[in-house]
Amino acid sequence: MKPISRRSFLERSGTGMAAAAAIPALEAPTFQSRPLPAEERGREIHLKVNGKDHRLEVEDHWTLAEVLRDHLGLTGTRVGCDRGECGACTVLLDGKSLYSCSYLAVWAEGKEISTVEGLAEGTQLDPLQEAFIEHDGPQCGFCTSGQLMSAKALLNSNPNPTEAEARQALAGNICRCSNFNRYLEAVLATSGKGGSRG
Amino acid sequence: MVEELKTVGHSTPRIDGLQRVTGRATYSADVQLPNMLYARVLRSPHPHARILGIDVARALAAPGVKAILTHENCRLVWSSGDRVNKRYLFNNPVRFVGDAVAALAATNRHLAEEALKLIQVEYETLDFVLDAEEALQPGAVEIHPGGNLSPIISFRSTEPGKREPSTYVRGDLEKGFAASDFVFEDRYVSKHVNNAQMEPRVALAHWEGDKLTVWTPTQGIANCHRDIARDLNLALEKVRVVCQYMGGGFGNKNQCQDTDLMAAQLAKETGRPVKLELSRKEDFVCVHGRWPTSQNYKVGVLKDGTLQAIQMRGYSGMGPYRKSGGGISGVEYFRCPNVKTEIYPAYTNMAVSANFRGPPYPQGVFGIASILDHIAHELKIDPVDFYLKNVTRKFRDSIPYTSSGLLECIRQGAKLFEWKKRWHPAGSQQGPIKTGIGLAAGGFGASVGRSSAVLRLDSEGRLWLHVGVTDIGTGAKTTMALIAAEAMGIDMDKVRVISGDTDRTPYSVGESGSRTTSYTGYAIVEAAKDLKQQLAASGPPQGDEVLIAEATPSPRLEGKVRYSFAVHFVEVEVDTELGGVRVLKYLAVHDSGRIINPLTATSQVQGGVIQGLGMALHEELLYDENTGIPLNPGYYGARVMTHVDVPNVEVHFVETEDAYGPFGAKAVGEPPIVPVVGAVANAVFNAIGKRIKELPITRDKIIGAVS
């Protein structure tokens with residue numbers, strides 16, 4: 001098997017991005033916080049997401065996942081079960097991993113939230129993201145954002161985890177393609193390089 | 001061994017990896033349209049009941065509700081939901097807990113969910129049956145007129161066939177048993193296991209005039225496109241199916257879904273885009289999982305272990321609708337002069353059963369690999385030697401394979417695994433913690449057939465590759481790009497893949513049956529030949545010029561059969577006091593011909609193995625026998641594998657040369673799950689000396705067996 005150099009995979013990743021950009025966009029999504037109709041009683045909250053402040057009108061029973069996806073357009077946070085079983089919706093709340101499908105948006109008032117969209121800084125990927133590509137983490141990719149955020153929370157608190165610690169930290173993130181070992185390789189490779197940024 | 005190529009065969013990260021790790025990949029549920037409505041489905045709480053009346057008045061008057069469909073006002077047939085019976089979107093009677101009763105669209109998902117509760121349904125409950133063999137007993141309630149034995153189906157015909165078991169015969173069974181030194185009989189049982197892909201089913205339908213666009217997670221945009229057009233009675237050009245990223249399916253997102261049709265119909269009635277989202281529980285109970293089976297074997301052998309006769313009578317519980325074949329396969333991997341298999345697919349009032357990765361194989365291999373392992377044990381023959389003696393040389397002992405690395409997989413695997421060193425007689429270890437090893441072999445058809453590709457070369461040297469794949473997680477976009485780069489002799493960074501949209505791509509075979517590489521990949525090779533001829537004739541395109549080549553080959557195998565093979569070796573540790581099984585070592589050896597991308601192929605094999613371990617050790621959709629209600633739908637209840645459960649999985653490819661397919665590539669996706677359950681069951685037997693004959697191999701069964 002030919003080893004993959006960092007350089008060649010970055011070039012290829014760039015190709016992927018160019019290809020995607022070259023594909024004409026489908027219907028442009030309309031993501032804006034809209035005033036709620038009369039039948040939906042709202043309440044105003046403030047959220048800080050990926051360093052950006054948002055003022056939103058939400059209903060009490062809306063989940064954080066729902067608000068991120070449907071009202072802030074941050075669809076990188078996936079909903080796989082909507083009942084706290086699969087981990088696809090994992091985000092960071094004040095630096096700790098959280099199932100955003102099982103947390104009400106109103107509870108997040110004043111808290112700092114990080115989603116997968118906030119991992120990269122400009123065009124610079126987080127080392128975890130680079131390692132996920134290099135080690136072929138995503139198969140279908142639906143659980144990937146959650147795996148990344150759980151891994152990020154782990155490396156934030158424990159920059160050099162053992163294999164057992166990493167498995168434990170990711171235990172709440174199911175991958176039905178069952179690419180668990182690839183994800184683990186990627187996390188351990190990142191920690192071995194001196195840990196993740198931030 | 002295959003000759004080295006420039007691009008193909010070198011590990012290459014996915015070309016869309018960046019989109020997948022940044023959250024930018026657009027899955028169907030991520031698409032939002034202005035003015036969009038949300039739809040929800042009301043489902044039967046009874047396993048079998050006649051609907052006497054539905055009152056939707058209160059629900060229709062509820063805030064935000066725009067339309068409601070029931071069997072009274074919507075008679076659309078979902079033709080890919082049943083290949084034998086007329087299955088409507090909404091059926092009366094309802095035939096399983098979860099059968100759709102009504103669908104409604106409202107201005108948001110919460111209002112839709114609230115309004116569902118206001119629909120009043122009066123049911124007359126009917127008798128129900130959950131088990132396939134019970135369903136075939138005299139006096140069992142008839143789920144469809146004509147009885148519960150589902151007819152023979154052919155995938156090429158929608159005409160109902162004979163009400164007979166699917167039967168295969170070669171040789172003379174009675175002669176074979178008479179010629180045998182020993183005859184063994186046993187019975188094995190496998191359970192309903194859900195595909196449990198991460199992305200729940202969703203459909204977004206949008207009409208612009210008389211043109212319908214559906215965003216839906218599908219394993220085959222071309223099939224889905226055809227099915228939607230047929231069921232809605234629309235011309236093909238009036239339907240567009242889009243699936244840019246797809247969150248797994250493992251066989252339960254083939255063709256079109258009832259959700260696609262419901263969303264389309266609700267969108268038509270309301271004049272607004274409609275997004276229908278299924279919950280995880282609905283996805284578990286209301287789509288489909290692997291069919292449960294019971295398998296009765298009778299096997300005759302000579303003293304030296306040579307197989308003389310194999311008989312198998314099997315039952316498959318298909319649920320109340322016939323989406324798929326219901327086969328039980330595995331006997332075909334062994335040479336034997338006298339064989340008879342009979343399979344009875346039966347209607348039941350459980351969740352529908354249909355395709356899940358390697359559809360008829362993992363459960364069938366569990367059965368045949370278990371009884372053959374038992375025979376090897378009784379005859380004191382090493383299982384590796386038993387396999388080398390008895391595995392298939394020709395398909396059904398008569399048709400040559402295009403290539404076969406099966407024997408080589410066994411030999412190399414046994415060596416890499418250090419089989420002889422690890423081997424001990426079954427149940428021979430002392431103490432409560434015991435280890436054991438096992439192997440099983442299998443394969444999967446690597447057929448060839450019709451698919452299309454369009455190549456467009458521009459003056460900048462960019463090669464635009466239009467292929468109708470959705471990439472269900474296999475890495476198909478990358479595989480297609482690698483094949484195109486190799487065939488054209490250009491670098492990967494020149495290739496642009498256009499996929500996942502029926503308005504922009506030609507026909508592609510569905511991403512099921514491990515066919516995409518062999519079918520669509522080969523179409524790329526053929527189109528590239530044409531493009532190279534054009535280049536030679538007219539030179540590279542200049543300015544605004546492009547060169548375009550298309551190919552839709554229909555290759556044939558000329559009297560041969562094409563297969564991928566897999567031989568798996570596993571060592572387990574069994575705690576006989578607490579009943580736990582832990583995998584210590586796993587080796588998967590595969591002949592998939594030439595490997596196009598070792599990086600993604602290895603991931604697929606690892607994933608298939610781990611899915612198989614879940615089936616072997618954990619997963620089963622349990623039903624309450626008194627009410628017919630499923631008890632554990634969802635990830636937690638199904639106990640799917642997680643990061644803390646998985647062993648390291650070593651993958652080794654035996655790359656045999658094959659004259660068909662793109663550069664000799666055979667099937668990769670499905671073979672990895674095929675031998676897993678059989679290999680694990682045999683390893684557990686080797687550890688504890690007792691055979692577990694019913695899946696999954698849970699703690700209670702281990703403790704029951706050893707006590």
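**Exercise 1.** In which hand, left or right, does α13(B) pass α14(B)? Describe also the angle and the residues of this helix pair.

*Solution.* The model is a predicted one.

Step 1. In chain B, helix α13 spans residues 476-488 and helix α14 spans residues 516-538; their axes come within 9 Å and cross at roughly 30°.

Step 2. Angles under 35 degrees count as roughly parallel, so α13(B) is roughly parallel to α14(B).

Step 3. The crossing of α13(B) past α14(B) is right-handed.

Step 4. On the side of α13(B), the residues that meet α14(B) include B:T479, B:I483 and B:A487; on the side of α14(B), B:T520, B:I524 and B:L531 are among them.

Step 5. Sorted by character, the residues of this contact are 11 nonpolar, five polar and one charged.

**Exercise 2.** Describe the contact of chain A with chain B.

*Solution.* Step 1. Chain A contributes 69 residues and chain B contributes 84 residues.

Step 2. About 6200 Å² is buried between the two chains, with 57% of it on carbon and sulfur atoms.

Step 3. Six salt bridges are counted between chain A and chain B. The side chains of B:R109 and A:D70 form a salt bridge at 2.8 Å, N to O.

**Exercise 3.** Which parts of chain B does the salt bridge of B:R40 with B:E113 tie together?

*Solution.* Step 1. Side chains of opposite charge can pair when their charged atoms come close.

Step 2. In the pair B:R40 and B:E113, the closest N and O atoms are 2.9 Å apart.

Step 3. B:R40 belongs to strand β1 (residues 37-43) and B:E113 to helix α3 (residues 109-116), so the pair ties together parts of chain B that are 73 residues apart in sequence.

Technical notes
Residues numbered from 1 in each chain as written. Chains lettered and ligands numbered in written order. Predicted model: local features only at pLDDT ≥ 70, side-chain atom pairs only at ≥ 80, totals over all residues. Heavy atoms only, no water. Axes fitted to C-alpha atoms, helices over the stretch in contact; angles between N-to-C directions. Helix = DSSP H or I, 4+ residues; strand = E, 2+ residues; numbered from the N terminus. Parallel < 35°, antiparallel > 145°, perpendicular 65-115°, else oblique. Left-handed = near helix turned anticlockwise from the far one by under 90°. Contact = heavy atoms within 4.5 Å. Nonpolar A, V, L, I, M, F, W, Y, C, P; charged D, E, K, R; others polar. Buried area = accessible area lost by both parts, 1.4 Å probe. Salt bridge = Lys/Arg side-chain N within 4 Å of Asp/Glu carboxyl O.
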